[in-house]
Amino acid sequence: MSSTKILDYTNPQLSGTIIVPGDKSISHRSIMFGAIAKGKTTVSGFLLGEDCLSTIDCFRKLGVDITVEGTNVTIQSDGMDNWQEPKEVLYTGNSGTTTRLMLGILSGTKLHTVMTGDASIAKRPMRRVADPLRLMGAQIAGRENGQYTPLAIQGTQLKAIDYTMPVASAQVKSAIILAGLRAEGTTIVREKEVSRDHTERMLRQFGAQITVEDGVVYFEGGQQLKATHVNVPGDISSAAFFLVAGAIVPNSNIVMKNVGVNPTRAGIIEVLENMGASMKVEVEDETAAEPTATITIETSNLKATTIEGDIIPRLIDEIPILALLATQAEGTTIIRDAEELKVKETDRITAVVNELKKLGANIEATDDGMIIHGPTKLHGGKLQSYGDHRIGMMGAIAALISNEPVEIDDTDCIAVSYPTFFDHVNSLLNK
């Protein structure tokens with residue numbers, strides 16, 4: 001039974017310090033790389049969200065020993081060659097990252113595996129990953145020629161390819177690179193717009209040699225990963241909801257510590273600066289595998305902006321909450337080049353526009369984004385989350401500035417990426 005929340009805030013203000021949960025992308029990869037490497041890998045700051053737990057479950061079914069104690073995880077692996085062929089289907093839940101990256105990893109093993117996920121994953125396109133992997137020799141079968149789950153993978157010897165990415169996608173890029181681990185030759189991936197680079201950074205952490213020059217990745221096959229320690233920073237995509245809340249809720253001041261500010265992910269900081277947000281970013285360690293910062297945000301007088309082009313891959317997951325931010329900015333904000341939103345957990349362009357309109361926002365959808373006129377006072381209403389964690393959280397932050405209660409269905413989906421979300425909202429509320 002999904003949960004419905006009725007959120008009723010009277011003159012709220014947000015004040016205090018929070019540490020957002022670990023980065024989802026990095027948490028996924030820490031398990032994958034730790035399972036590939038031979039030896040004992042330790043992880044701190046792991047995200048205990050449902051998506052990342054799905055990744056752990058898949059590797060346990062492959063015979064990898066994984067223990068979880070709070071946000072600390074230990075992976076003891078004998079390496080890929082010693083994985084066991086699973087007796088049951090690998091269930092990836094709601095996780096597109098798990099499904100797509102596992103396709104790349106499993107294609108180069110000696111195993112036969114079958115993957116499936118929930119109803120949302122069953123609608124998400126997989127041929128964007130399966131097709132380049134097939135060029136490497138991968139044997140992948142599935143609905144509509146591998147477009148949709150369930151997917152069956154017969155592991156085989158792969159050959160390197162030189163592949164130009166048709167769209168910016170870290171998941172597709174990572175799947176190809178991870179397949180390249182077991183491929184003969186040098187795998188080359190060319191990006192027109194640079195997508196998030198957590199895979200490239202983590203490969204270096206695990207001792208691999210990988211070269212990135214002018215948007216081109218070169219990766220030699222046959223490398224062995226070495227077990228290591230991974231420290232997972234806070235997820236900037238989760239922090240985004242409180243960055244926006246701090247900027248739009250009157251009399252607010254929020255401090256967030258240990259937020260990952262990887263340049264391929266930090267587009268929201270650039271947008272907030274362009275819109276005139278009252279914000280301070282103090283980088284803690286630029287030399288770390290993943291740089292982190294303490295970010296302070298205060299109630300701000302915001303002006304509209306245009307969000308387009310090569311910044312889009314650096315904030316694609318933040319667009320729902322940025323749309324809410326734009327409803328409180330002076331002028332017309334335009335978001336374009338964001339067609340990728342249509343193939344997320346739901347069609348996020350349609351979902352964002354429909355739900356914010358219910359609250360009185362002046363917003364319209366376009367083929368590749370949306371147009372938002374502001375500032376607009378929001379009223380209450382009944383919202384759908386569509387089972388999408390980012391739409392659910394967007395609605396909850398909207399409730400903080402609505403003059404009437406906001407009811408949101410299926411808020412359980414928020415646990416996918418931010419299990420402590422409402423705890424953090426409540427901890428910041430000064431009443």
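This is a short walk through a predicted model of one protein chain, from its cores out to a few backbone oddities.

Okay, hi everyone. Let's start on the inside. In general, nonpolar side chains tend to be buried together in soluble globular proteins. Here the largest nonpolar core has 79 residues. Which of them touch the most other members? That would be Ile-248, Met-256, Leu-324, Met-370 and Phe-421. If you ask which element gives this core its largest share, it's helix α8, residues 236–248, with 10 residues.

Pick out Met-370 for a second. Even if you leave aside its neighbours within four places in sequence, Met-370 is in contact with a whole string of residues, including Ile-319, Ala-323, Leu-341, Val-352 and Ile-363. Thr-333, Ile-334 and Ile-335 are on that list too, and so is Glu-364.

Now, there's another core, lying apart from that one. This other core has 62 residues, and among them are Phe-46, Met-126, Leu-225 and Val-232.

Next, the charged pairs. How many salt bridges are there? The count comes to 19. I'll show you three.

One is Glu-88 with Lys-61, where the closest N and O atoms sit 3.9 Å apart. Glu-88 is in the loop between β5 and β6, Lys-61 is in helix α2, and the two are 27 residues apart, so this pair links distant parts of the chain.

Another is Arg-196 with Asp-317, at 3.3 Å between the closest N and O atoms. These two are 121 residues apart along the chain. Both ends are in loops: Arg-196 between β13 and α7, Asp-317 between β20 and α10. And are they buried or exposed? Arg-196 is buried, and Asp-317 is buried as well.

The third one joins Asp-388 and Arg-348, 2.8 Å from N to O. Asp-388 belongs to the loop between β24 and α12, while Arg-348 is in helix α11, 40 residues away. Asp-388 has a relative accessible area of 0%, and Arg-348 comes in at 1%, so both count as buried.

Here's the bit I like: those last two pairs belong together. Arg-196, Asp-317, Arg-348, Asp-388 and Arg-390 are linked in a network of salt bridges.

Staying with β24, let's look at a sheet. It's an open one with 3 strands, in the order β1-β25-β24, and the pairing is mixed. Why do β1 and β24 each have a side without a neighbour in the sheet? They stand at the edges, each with a single partner strand, so one side of each is left without a neighbour there. Neighbouring strands are turned by 20° against each other on average, direction ignored.

As a reminder, strands of a sheet pair through backbone hydrogen bonds, either parallel or antiparallel. β1 and β25 go for the antiparallel sense, over 3 bridges. If you want one to find on screen, Lys-5 has Ile-408 in β25 as its bridge partner. Helix α12 packs on this sheet, touching β1, β24 and β25, and its direction makes about 165° with that of β25.

Quick stop at the cysteines. How many disulfides? The count is 0. Take Cys-52: its sulfur is 12 Å from the closest cysteine sulfur, the one in Cys-58, and that is too far for a bond. Cys-58 is in no disulfide either, with the sulfur of Cys-52 as its nearest cysteine sulfur. Cys-52 is buried, at 1% relative accessible area, and Cys-58 is buried too, at 0%.

Last up, the backbone. Where do we see cis peptide bonds? One joins Thr-149 and Pro-150, with omega about 0°, and Pro-150 is in strand β9, residues 148–154. Another runs from Gly-374 to Pro-375, with omega near -5°. Pro-375 is in the loop between β23 and β24, so we're back beside that edge strand β24.

Then there are residues other than glycine with a positive phi. Asn-145 has phi near 60°, and you'll find Asn-145 in helix α5, residues 143–146. Asp-337 has phi near 65°, in the loop between β21 and α11. Both are partly exposed: Asn-145 at 47% relative accessible area, Asp-337 at 35%.

That's the tour. Thanks, and over to you.

Terms used. Residues numbered from 1 in each chain as written. Predicted model: local features only at pLDDT ≥ 70, side-chain atom pairs only at ≥ 80, totals over all residues. Heavy atoms only, no water. Helix = DSSP H or I, 4+ residues; strand = E, 2+ residues; numbered from the N terminus. Buried < 20%, exposed > 50% of the residue type's maximum accessible area, 1.4 Å probe, protein only. Salt bridge = Lys/Arg side-chain N within 4 Å of Asp/Glu carboxyl O. Pairing = 2+ DSSP bridges. Axes fitted to C-alpha atoms, helices over the stretch in contact; angles between N-to-C directions. Contact = heavy atoms within 4.5 Å. Core = buried A, V, L, I, M, F, W, Y, C linked by side-chain atoms within 4.5 Å. Disulfide = S-S within 2.5 Å.
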